[in-house]
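Here are my notes on the model you sent. Please read them with the coordinates open.

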Amino acid sequence: MFTRIDHVGIAVRDLEKSIVWYQTMFGLTVVAQEINEEQSVHEAMLLVDDGPQGGSHVQLLEPTRQDSPVGKYLARHGEGMHHIAYGVDDVEAAIATMATSGIRVLDRKPRHGAMNSRIAFMHPKDTGGVLTELVQAVKH
Ligand code: V0V
Ligand code: CO
């Protein structure tokens, strides 16, 4: 069902500073950047490599509110890995399969994600302590 790792989400306090660090130290390139009001994040996607099923990325996440998933995570854990996101071909089908397996899917209907993807999160307590996201990317 999973076609690749679409991205790894990393919580940061200062998006611009972190972008410069990833560009300078790892040579990654920003391919998209947006404010997602629904998720309360200002995020940037940095491409690692493109593949036949789509790209793999690092997603840098700066919270727009302290009282939000990433804001709360930063307050509790500091900067670091926040979630892993798997690529899927059909996000509705993936949501249904996960829910049938007894995993709490937090988004029963897909929400808007980076680069016009459609996303859904699963509860980290049901996925081995790792916040896990399903991503259906726009085909290119
Ligand atoms: C919280 N917990 C985590 C976690 N966040 N565990 C692993 N990874 C994380 N990222 C644990 C936390 O340590 C607590 O465990 C417990 O869950 C409850 O934490 P809380 O701080 O009280 O948080 P809640 O319950 O208010 O919310 C947690 C959930 C929330 C996962 C429900 O963060 C959520 O709805 N996340 C999905 C949306 C999201 O993360 N959006 C930002 C990325 P203990 O201490 O009780 O054991 S947006 C994005 O990725 C986009 C737009 C994209 O395009 O990709
Ligand atoms: Co994400």
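Is His83 buried or exposed? His83 is buried, because its relative accessible area is 3%, and the cut-off for buried is under 20%. Keep in mind that this is a predicted model. The points below start from His83 and work outwards.

1. Place of His83. This residue sits in strand S5, which spans residues 80-88. The C-alpha atom of His83 is 9.4 Å from that of Phe121. Along the chain, His83 and Phe121 are 38 residues apart.

2. The cobalt site. His83 binds through NE2 as one of the protein donors of the cobalt ion, ligand 2. The other protein donors are His7 (NE2), Gln59 (OE1) and Glu133 (OE). Their distances from the cobalt ion run from 2.1 to 2.2 Å. In sequence, the donor residues follow the spacing H-x51-Q-x23-H-x49-E. Within that pattern, Gln59 and His83 link distant parts of the chain. Gln59 belongs to strand S4 (residues 54-63), His83 to strand S5, and 24 residues separate them. Gln59 and His83 are both buried.

3. Geometry of the cobalt site. Why is the arrangement octahedral? Six donor atoms surround the cobalt ion, and the angles they subtend run from 79 to 171°, so the arrangement counts as octahedral. The test asks for opposite donors over 155 degrees apart and all others between 65 and 115. For comparison, the ideal angles for six octahedral donors are 90 or 180 degrees.

4. The shell around ligand 1. Ligand 1 is surrounded by 22 residues. The closest are Lys72, Arg76, Ala114, Lys125 and Glu133. Glu133 is also a donor of the cobalt ion. By class, the shell holds nine nonpolar, nine polar and four charged residues. Helix H2 (69-77), strand S5 and strand S7 (118-122) each supply at least two of the shell residues. Which element gives the most? H2 does, with six residues.

5. Polar contacts of ligand 1. Lys72 places a polar side-chain atom 2.6 Å from an oxygen atom of ligand 1. His7 has a polar side-chain atom 3.1 Å from an oxygen atom of the ligand. His7 is also a cobalt donor. A polar backbone atom of His82 lies 2.9 Å from a nitrogen atom of ligand 1. Taken alone, ligand 1 exposes 1100 Å², and the protein buries 74% of that.

6. The lead-in to H2. Ser68 lies in the loop between S4 and H2. Ser68 counts as buried because its relative accessibility is 2%. A polar atom of its side chain is 3.1 Å from the backbone nitrogen of Gly71.

7. The loop between S6 and S7. Two residues here deserve a check of their backbone angles. Met115 lies in this loop and has a positive phi near 55°, though not a glycine. Asn116 is in the loop too, with a positive phi of about 60°, and is likewise not a glycine. How do they stand in accessibility? Met115 is partly exposed at 34% relative accessibility. Asn116 is exposed, with a relative accessible area of 56%.

8. Strand S1. Phe2 is in strand S1 (residues 2-11). At 37% relative accessibility, Phe2 counts as partly exposed. The C-alpha atoms of Phe2 and Asp89 are separated by 7.9 Å, with their positions 87 residues apart along the chain.

Notes. Residues numbered from 1 in each chain as written. Chains lettered and ligands numbered in written order. Predicted model: local features only at pLDDT ≥ 70, side-chain atom pairs only at ≥ 80, totals over all residues. Heavy atoms only, no water. Near = heavy atom within 4 Å. Polar contact = N/O pair within 3.5 Å; in protein donor to acceptor, adjacent residues only side chain to side chain. Areas by Shrake-Rupley, 256 points an atom, 1.4 Å probe, with all protein chains shown as cover. Helix = DSSP H or I, 4+ residues; strand = E, 2+ residues; numbered from the N terminus. Nonpolar A, V, L, I, M, F, W, Y, C, P; charged D, E, K, R; others polar. Donors = N, O, S within 2.8 Å, 3.2 Å for Na, K, Ca; no water. Tetrahedral: all angles 85-135°; square planar, octahedral: opposite > 155°, others 65-115°. Buried < 20%, exposed > 50% of the residue type's maximum accessible area, 1.4 Å probe, protein only.
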